[in-house]
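Here are my notes on the model you sent over. I've kept them as numbered points so you can reply to each in turn.

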Amino acid sequence: MSRRSSGTMLRACLVIFAVVSALGVCGPSLYWRFKKTLRFVDPKSSCAPCICDCPPPLSLLKIAPGLANLSVTDCGSNDPDMKQEMEKQFMDLLSEELKLQEAVAEEHARHMNITFGEAKRVASQYQREAEKCIAATETCEGAREREEALLIKERKITTVWEQRARQMGWEGE
């Protein structure tokens, strides 16, 4: 085999491998898409809908008229023992519901008290910080006022010395 034919064989194998790989990757989606299009052309779907003369379904009132009038509250109303038991269960349910609501209210109150305490603590901390800031501002303002008074005094002294120097014949800049 020559070098040219082995190169051709290699190319042919690579092309076959590429085609098989592409079909392996894209084949299933193409298969399902093709199968869907065949389903629309299915001869069963092209037939007319069935026409039947079925009677309407029977209602509960027609089958057993006495059953339709029963309700849960009527259950056992004629039996005094059953009625007493049902009232007990109802009272138990009510008391359980009240206990649950009380537990929820207590939890809510506890959470509210914790939140309120935290808010008071934070407000107190902010109040202390504000007082520190006010004290520092007052100290700074006092120092500024003292320095301003000293500056005014120094300017007066400087003015007095300049006047004396001019009277003595000194000429400045």
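1. Let's start with Arg144, which has a relative accessible area of 42% and so is partly exposed. This is a predicted model, by the way, so read every value here as computed from predicted coordinates. Arg144 and Glu141 are joined by a salt bridge, at 2.5 Å from N to O. Shared partners extend the contact: salt bridges tie Glu141, Arg144 and Glu148 into one network.

2. On the other side of that pair, Glu141 comes out at 34% relative accessibility, so Glu141 is also in the partly exposed class, which runs between 20% and 50%. Glu141 and Arg144 are about one helical turn apart, because they sit three residues apart in helix H4.

3. Next, Glu107 and Arg110. Their side chains form a salt bridge with an N to O distance of 2.8 Å. Both residues belong to helix H4, with a spacing of three residues, or about one turn of the helix. How exposed are they? Glu107 has a relative accessible area of 42%, so Glu107 is partly exposed. Arg110, at 45%, is partly exposed too.

4. Glu129 and Lys132 make another salt bridge, where the closest N and O atoms are 3.6 Å apart. If you want to check that one against the cut-off, a salt bridge needs a side-chain nitrogen of Lys or Arg within 4 Å of a carboxyl oxygen of Asp or Glu. This pair also lies in helix H4, three residues apart and about one turn of the helix. The two partners fall into separate exposure classes: Glu129 is partly exposed at 42%, whereas Lys132 has 54% relative accessibility and therefore counts as exposed. By the salt-bridge rule, the count comes to five.

5. What gathers at Glu85, Asp92, Glu96 and Glu97? These residues form a patch of negative charge on the surface. Glu96 is part of helix H4, residues 80-167. With 47% relative accessibility, Glu96 counts as partly exposed, and a patch member needs over 30% relative accessible area and no salt bridge.

6. A sanity check on H4 itself. How far apart are the end C-alpha atoms of its 88 residues? They are 128 Å apart, and at 1.5 Å a residue the helix should span 130 Å, so the two figures agree. After H4 comes Gly169, with a positive phi near 100 degrees.

7. Moving to the helix H1, residues 3-40, this is where Val19 sits. Val19 joins Val15 and Leu23 in a nonpolar surface patch, and together they have about 280 Å² of accessible area. Val19 is at 46% relative accessibility, so Val19 counts as partly exposed.

8. Finally, the chain as a whole. What does the secondary structure come to? The chain has four helices and zero strands, and the pattern read along the sequence is α-α-α-α. Buried residues account for 1% of the 173 residues in the chain; the buried class means under 20% relative accessible area. The chain exposes about 17000 Å², with carbon and sulfur atoms supplying 64% of that area.

How values were computed
Residues numbered from 1 in each chain as written. Predicted model: local features only at pLDDT ≥ 70, side-chain atom pairs only at ≥ 80, totals over all residues. Heavy atoms only, no water. Patch = residues over 30% accessible without salt bridge, like charges linked within 9 Å, V, L, I, M, F, W, Y side chains within 5 Å. Areas by Shrake-Rupley, 256 points an atom, 1.4 Å probe, with all protein chains shown as cover. Lys, Arg positive; Asp, Glu negative; His and termini not counted. Charge placed at Lys NZ, Arg CZ, Asp CG, Glu CD. Helix = DSSP H or I, 4+ residues; strand = E, 2+ residues; numbered from the N terminus. Buried < 20%, exposed > 50% of the residue type's maximum accessible area, 1.4 Å probe, protein only. Expected span 1.5 Å × (residues − 1).
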